[in-house]
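Me: Please take a close look at one salt bridge here, then set it beside others in the model. Where do the partners sit, and how accessible are they?

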There are 2 protein chains.
Amino acid sequence: MCVATGDIMTDDKQQCHVDLEPIGRREIVEPGTTILAATQSSGVELVATCGGMGTCGNCRIRLEKGELTSLTLIETGKLSTAEIGAGYRLACQAEILSDVRIDIPPESLTALQRLQIEGLSVSITPDPLVLPIDLNLPQPTLTDIRSDEARLKASLAEHGFSEIDVSVPVLANGVEKLRETGWSARFGLRQKSTSATHKELIAILPVQSPLLGLAIDIGTTKLAAYLIDLSTGATLVKTGTMNPQIAYGEDVVSRIAYANNNEAGRQILQSRLVKSINSLIRELCSTAHTAPEQIVEVVAVGNTAMHHLFVGLPVRQLGEAPYVATVSDSCELRAREVGLQVSPGAMLYLPPNIAGYVGADHVAMLLASSLGQASRSILALDIGTNTEITLAYGGRLICCSCASGPAFEGAHIRDGMRAVPGAIERVRFANDHFQVHTIGDTLPVGICGSGILDAIAEAFAAGIIDRRGVPRKEHPLIAELNGTVAVRLVPASATKHGRDIIMTRADVNEIQLAKAAIRAGVEILLAESEIDSTDLDEIIVAGAFGTYLNIGSAISSGLLPELPLEQYHQVGNAAGLGAQHLLISRSARASAEKMARTIEYIELTTHASFTDTFTQSLYF
Amino acid sequence: MCVATGDIMTDDKQQCHVDLEPIGRREIVEPGTTILAATQSSGVELVATCGGMGTCGNCRIRLEKGELTSLTLIETGKLSTAEIGAGYRLACQAEILSDVRIDIPPESLTALQRLQIEGLSVSITPDPLVLPIDLNLPQPTLTDIRSDEARLKASLAEHGFSEIDVSVPVLANGVEKLRETGWSARFGLRQKSTSATHKELIAILPVQSPLLGLAIDIGTTKLAAYLIDLSTGATLVKTGTMNPQIAYGEDVVSRIAYANNNEAGRQILQSRLVKSINSLIRELCSTAHTAPEQIVEVVAVGNTAMHHLFVGLPVRQLGEAPYVATVSDSCELRAREVGLQVSPGAMLYLPPNIAGYVGADHVAMLLASSLGQASRSILALDIGTNTEITLAYGGRLICCSCASGPAFEGAHIRDGMRAVPGAIERVRFANDHFQVHTIGDTLPVGICGSGILDAIAEAFAAGIIDRRGVPRKEHPLIAELNGTVAVRLVPASATKHGRDIIMTRADVNEIQLAKAAIRAGVEILLAESEIDSTDLDEIIVAGAFGTYLNIGSAISSGLLPELPLEQYHQVGNAAGLGAQHLLISRSARASAEKMARTIEYIELTTHASFTDTFTQSLYF
């Protein structure tokens with residue numbers, strides 16, 4: 001059924017055409033390739049929360065034409081009869097047997113997910129590492145045959161810059177431009193750490209052109225990028241996209257597994273990420289009518305795994321106890337070394353990681369929240385698959401990391417999905433039934449993290465589940481499903497795909513485990529500081545889920561402590577703002593590094609009271 | 001005649017097969033491609049002294065089968081009737097019209113050329129930048145979750161190394177090995193220039209494995225590479241090959257032209273060079289039963305153009321007055337940045353260039369000859385297409401560069417060829433005829449630089465040419481050729497190709513120009529130092545031609561000053577030895593840098609007495 005290629009006498013290897021609709025991409029693969037592998041190699045990013053293990057059921061696609069292998073047991077468990085009848089399959093399970101046409105529903109495509117690049121906006125005084133100087137150099141003549149480098153250094157020395165390092169890549173790129181412009185140029189000089197007078201020539205640019213910086217926030221799910229004028233600190237343009245590594249596993253653990261289990265897996269994850277960032281750079285520069293060569297400094301923040309994958313460090317040890325980082329100090333390397341297409345001399349700065357699961361993005365978030373200088377008592381949480389929590393109290397900073405799992409991202413939830421159009425994001429119980437609101441105001445297809453937390457809080461308040469999370473069988477909205485009980489949130493008639501959207505006992509349990517992990521972290525930090533939650537002046541909730549979270553539901557479900565709502569502050573992407581501060585301010589870098597050195601990290605898994613606190617936190 | 005490829009209905013682009021014999025390489029090209037371009041793209045290195053301009057006539061090949069374009073006027077001028085009859089063509093002129101079989105005679109292949117990697121062997125005390133320390137680190141546990149970097153830095157601090165920079169590429173490559181070996185390893189620490197106690201971690205290697213260094217001499221014609229044990233200074237293995245850039249032009253000027261006139265020309269020249277060096281690295285390591293990852297430090301020397309092309313700097317300005325270098329100071333960059341396949345952290349050091357035409361290789365040669373510390377009066381010459389000369393006198397070093405041209409490499413000489421088998425390398429006149437000796441003791445096919453200098457010296461002594469270089473028409477060995485006169489060195493019956501090997505008036509003139517340029521340089525340096533040639537204690541002659549040169553002929557032709565032969569010292573590849581010293585000794589680097597700072601460069605082209613001195617030096 002597939003076409004044979006090559007000379008039929010010598011080689012009868014077969015190949016199949018895979019048409020991916022509605023995107024219009026065609027991929028050629030060998031028979032036996034899974035659809036997930038085919039989409040990955042074509043660059044189309046399917047939601048694959050579990051990394052292709054078959055456990056999340058998110059990578060639904062529909063076969064329009066052609067032949068696939070038979071349904072697996074995993075598929076019959078994850079897909080409804082109606083879905084199977086309509087041709088739905090799981091991309092990670094179905095293998096291609098012939099030329100096929102595949103329809104990818106919007107909820108299985110990562111690219112449509114809601115992006116969040118806004119954050120706090122605390123302005124700081126720019127104090128950048130790279131400063132411009134415009135010079136007009138004397139031209140070489142038969143009686144002045146100094147090398148370009150010697151000529152440049154002499155001119156800089158005349159202007160008071162006598163200790164200047166000059167690197168080969170900067171000259172290789174810049175001296176031809178110098179000749180074209182009659183030896184007038186703007187030179188970017190970057191402060192070296194060795195002494196106040198020691199600088200490095202980082203760029204040779206057109207006279208009076210702006211020195212730009214790039215701040216990148218590498219989230220496990222999303223990338224945000226900001227183009228900044230280094231001298232004014234102004235954000236010229238910002239943009240965002242999905243982290244393309246999602247096609248290789250939605251959470252950190254799946255990506256580490258991909259890196260470990262595939263040849264060149266680490267390199268693939270790195271190059272996909274860098275390629276996406278380079279696209280963002282082109283987009284930012286195009287919008288700002290400038291060139292990537294004007295970007296002379298880059299700051300990137302991300303959790304420890306994203307940090308390591310971005311710069312090419314091993315991640316295997318992040319997936320195995322005792323989960324240590326390879327690099328904890330801040331680091332600097334040439335941006336081109338990781339493949340970023342910016343000025344050849346531009347340096348890339350990454351703030352320190354605190355631990356294997358408390359990364360540089362948390363440091364940036366704390367910096368943007370000014371937690372390091374706070375005299376008040378502040379609790380700051382960045383909720384995600386992994387939740388980082390820091391408590392500032394009495395001049396002390398202590399932090400921990402909670403394995404909250406992917407339930408708040410919609411994973412491991414029967415009808416869970418990420419925050420894409422069609423996801424239920426708000427749930428209220430009134431008049432004996434659940435009222436839901438979806439992203440994009442469409443008919444619901446599933447439920448995302450903020451929706452399920454709402455549903456649980458409302459179900460508990462309405463007495464449909466008890467404080468242990470057990471559904472009360474006698475309630476009319478309780479249905480029996482394969483021997484277990486479930487809460488019916490939306491009847492089949494009101495959904496897009498024509499099947500009930502339900503919340504099972506197991507779903508409630510997943511959320512219980514997640515919220516207990518986070519609450520236990522909060523309680524242990526409070527206990528270590530010997531204060532009570534009522535002593536807190538403020539609670540900062542950062543990150544995508546934290547932004548859309550209903551704080552009321554979070555309190556009533558026991559995820560967050562009971563404090564007046566006005567003491568809560570949902571700050572969005574504070575890590576991105578921190579990255580911008582680090583880009584334009586040397587003192588911000590010093591603060592971040594000091595904070596990382598002084599913060600006390602509490603390892604919860606070995607903490608004496610963790611198990612008890614966790615168990616108590618399971619209750620609603 | 002050529003085969004059509006692709007679907008005949010959509011694409012009738014034709015392709016020709018080019019079989020290159022006796023090498024056995026096949027290349028596929030479009031009709032109209034020159035044979036030179038076909039050999040270049042197949043990686044076969046034809047002698048192309050003029051860079052394919054049609055002026056050197058060196059790229060002779062023989063058509064065995066198939067069809068080429070008609071003979072050009074250039075070919076009828078360069079090839080004898082017998083050669084044309086035998087199917088000889090010039091590869092740069094003949095274009096391929098059908099599938100062809102081409103025979104490449106040995107003298108047109110660069111790969112057979114005599115290699116010279118021997119040199120002086122002055123031993124120095126090793127004082128390398130990179131030193132080893134063997135450590136056994138405590139393993140991470142649930143109660144010791146420091147990052148790999150923090151763990152390593154703490155162990156190093158315990159051993160007295162508290163100021164250590166650690167770079168991402170070294171960790172990226174090394175920490176997995178650390179885990180495999182149970183946290184025991186040898187760490188290579190490299191001295192930083194900022195302070196005596198400041199070091200950088202450069203490599204993580206197996207315990208007790210040797211730290212190796214690589215010294216490379218990048219000649220315009222030849223590459224030499226030396227694998228060195230950094231702790232003992234011992235040369236473990238050495239090897240050499242032709243500079244693959246020869247396929248793009250034999251001399252520096254042709255290569256600069258290639259870089260300027262071809263898209264990505266500079267990148268092609270760089271990548272070919274790096275590829276060849278990487279082959280040498282693999283060969284050296286295989287012979288020494290070690291791995292390229294053990295190479296933790298690299299030194300490369302070359303003339304300014306080779307230096308610039310190797311690290312990716314522009315060379316256009318080296319080909320245009322006033323011929324300035326881009327970089328003159330010594331430079332250090334990561335060896336991987338230029339593409340060398342050695343330890344990821346290894347640094348590449350290049351000593352300083354003195355001027356556009358006095359490069360880092362001359363500095364290395366002076367270093368190996370200990371000229372910087374000499375109290376005696378020493379003249380040192382590196383004779384080639386460009387000849388660099390330095391005079392050490394009274395604690396002063398002065399140098400110049402002479403455009404001696406490629407005549408000593410056999411170019412621009414009617415029957416000239418490079419020092420490959422079949423080349424006449426020695427000539428004596430006795431019993432009324434010339435006696436010749438060829439490399440490889442074969443029948444002669446042409447004459448190389450040392451042969452032609454001998455021939456001129458002998459012809460002058462025998463009265464066949466006068467002191468102006470004009471042949472005496474009455475001599476029986478003088479023949480008339482196309483209206484000019486020539487000296488017959490070998491009759492057709494005694495040559496391999498069956499045509500006379502002659503020396504024309506123009507050939508003599510080429511040598512006269514070359515030797516006058518060099519001698520004028522010598523005389524101007526002596527005049528600037530206010531000494532006479534008889535005040536010289538020693539004359540050092542370096543380089544390939546300098547090694548095989550008959551000093552007697554050089555003196556009697558006026559190339560070199562008349563001094564007792566025992567004051568002459570032919571040192572071979574002193575630049576390669578200098579590179580080895582720079583590799584193992586920090587004080588050698590300091591000496592080289594000091595020498596480059598203090599040496600006085602005399603620009604001959606603008607020197608007041610150059611024209612007069614040059615004219616006087618034309619006479620034999």
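**Salt bridges in the predicted model**

Reply: In this predicted model, Asp500(A) and Arg488(A) join their side chains in a salt bridge, with an N to O distance of 3.0 Å. The pair connects distant parts of the chain, twelve residues apart: Arg488(A) belongs to strand β24, while Asp500(A) lies in the loop between β24 (484–490) and β25 (501–504) of chain A. Asp500(A) has a relative accessibility of 28% and counts as partly exposed. Arg488(A), at 27% relative accessible area, is also partly exposed. Elsewhere, Arg60(A), Glu83(A), Asp415(A) and Arg499(A) are joined into one network by salt bridges that share partners.

The structure holds 52 salt bridges over all chains. One of them is between Glu200(A) and Arg334(A), whose side chains meet at 3.1 Å, N to O. Glu200(A) is part of strand β10 (residues 198–205) and Arg334(A) of strand β15 (residues 331–334), both in chain A, so this pair ties together parts that are 134 residues apart in sequence. Glu200(A) and Arg334(A) are both buried.

Another salt bridge pairs Arg376(A) with Glu538(A), where the closest N and O atoms are 2.6 Å apart. This pair also links distant parts of the chain, 162 residues apart: Arg376(A) is in the loop between α9 (360–368) and β17 (378–382) of chain A, and Glu538(A) is in strand β26 (residues 538–542) of chain A. Arg376(A) is partly exposed, with 41% relative accessible area, whereas Glu538(A) is buried at 12%.

Notes. Residues numbered from 1 in each chain as written. Chains lettered and ligands numbered in written order. Predicted model: local features only at pLDDT ≥ 70, side-chain atom pairs only at ≥ 80, totals over all residues. Heavy atoms only, no water. Salt bridge = Lys/Arg side-chain N within 4 Å of Asp/Glu carboxyl O. Helix = DSSP H or I, 4+ residues; strand = E, 2+ residues; numbered from the N terminus. Buried < 20%, exposed > 50% of the residue type's maximum accessible area, 1.4 Å probe, protein only.
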